[in-house]
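Visitor: I would like a close look at a single part of this model, please. Could you walk me through how two of its neighbouring pieces pack?

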Amino acid sequence: MTDCDRLRYDIGAYVLGALDADDSERVRRHLHECPECVAELDMLAPLPELLTIAGGAKAAQEDPLPAAFEER
């Protein structure tokens, strides 16, 4: 297993800010050396914003607008 294989799972957690300081630093060091993992990071970078949008969609389903609003 290569460093990239081990870090591939951590890159998603890194993007979401879910790693502790030591693991975040390990990922940052690796990203300085590995263009393939930087490409993976770039692909996952929009994830936090997409999750925020998805949370808004879920809230809209749980608490829909009143029928009177739709009629207007």
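At roughly what angle do the axes of helix 2 and helix 3 cross?

Guide: Happy to take you there. This is a predicted model, so to speak of it fairly: local features need pLDDT of at least 70, side-chain atom pairs count only at pLDDT 80 or more, and totals for chains, interfaces and linings use all residues. Residues are numbered from 1 along each chain as its sequence is written, and side-chain values use heavy atoms, with hydrogens and water left out.

The axes of helix 2 (residues 21–33) and helix 3 (residues 35–44) cross at roughly 115 degrees and come within 6 Å. Here helices are DSSP runs of H or I with at least four residues, strands are runs of E with at least two, and both are numbered from the N terminus. Axes are lines fitted to C-alpha atoms, for helices over the stretch in contact, with angles from 0 to 180 degrees between N-to-C directions. The crossing of helix 2 with helix 3 is left-handed, meaning that the near helix is turned anticlockwise from the far one by less than a right angle.

Now for the residues that meet. Helix 2 brings His30, Leu31 and Glu33, and helix 3 brings Pro35, Cys37, Val38 and Leu41; contact means heavy atoms within 4.5 Å. By class, this contact has 5 nonpolar, 1 polar and 1 charged residues, where Ala, Val, Leu, Ile, Met, Phe, Trp, Tyr, Cys and Pro count as nonpolar, Asp, Glu, Lys and Arg as charged, and the others, Gly among them, as polar.

Let us pause at His30, which sits in helix 2. His30 counts as buried because its relative accessibility is 10%; buried means under 20% relative accessible area, exposed over 50%, and partly exposed in between, using a 1.4 Å probe and protein chains only. Setting aside neighbours within four places in sequence, His30 touches Asp3, Cys4, Leu7 and Cys37.

Across the crossing, the buried residues of helix 3 are Cys37, Glu40, Leu41 and Leu44. Seen down the axis of helix 3, these fall within an arc of 100 degrees, so they line one face of the helix; the arc is that of the directions from the helix axis to the C-beta atoms. Pro35 and Met43 are exposed on the other side of helix 3.

Finally, the wider setting: the protein chain has 5 helices and 0 strands, and buried residues make up 22% of its 72 residues.
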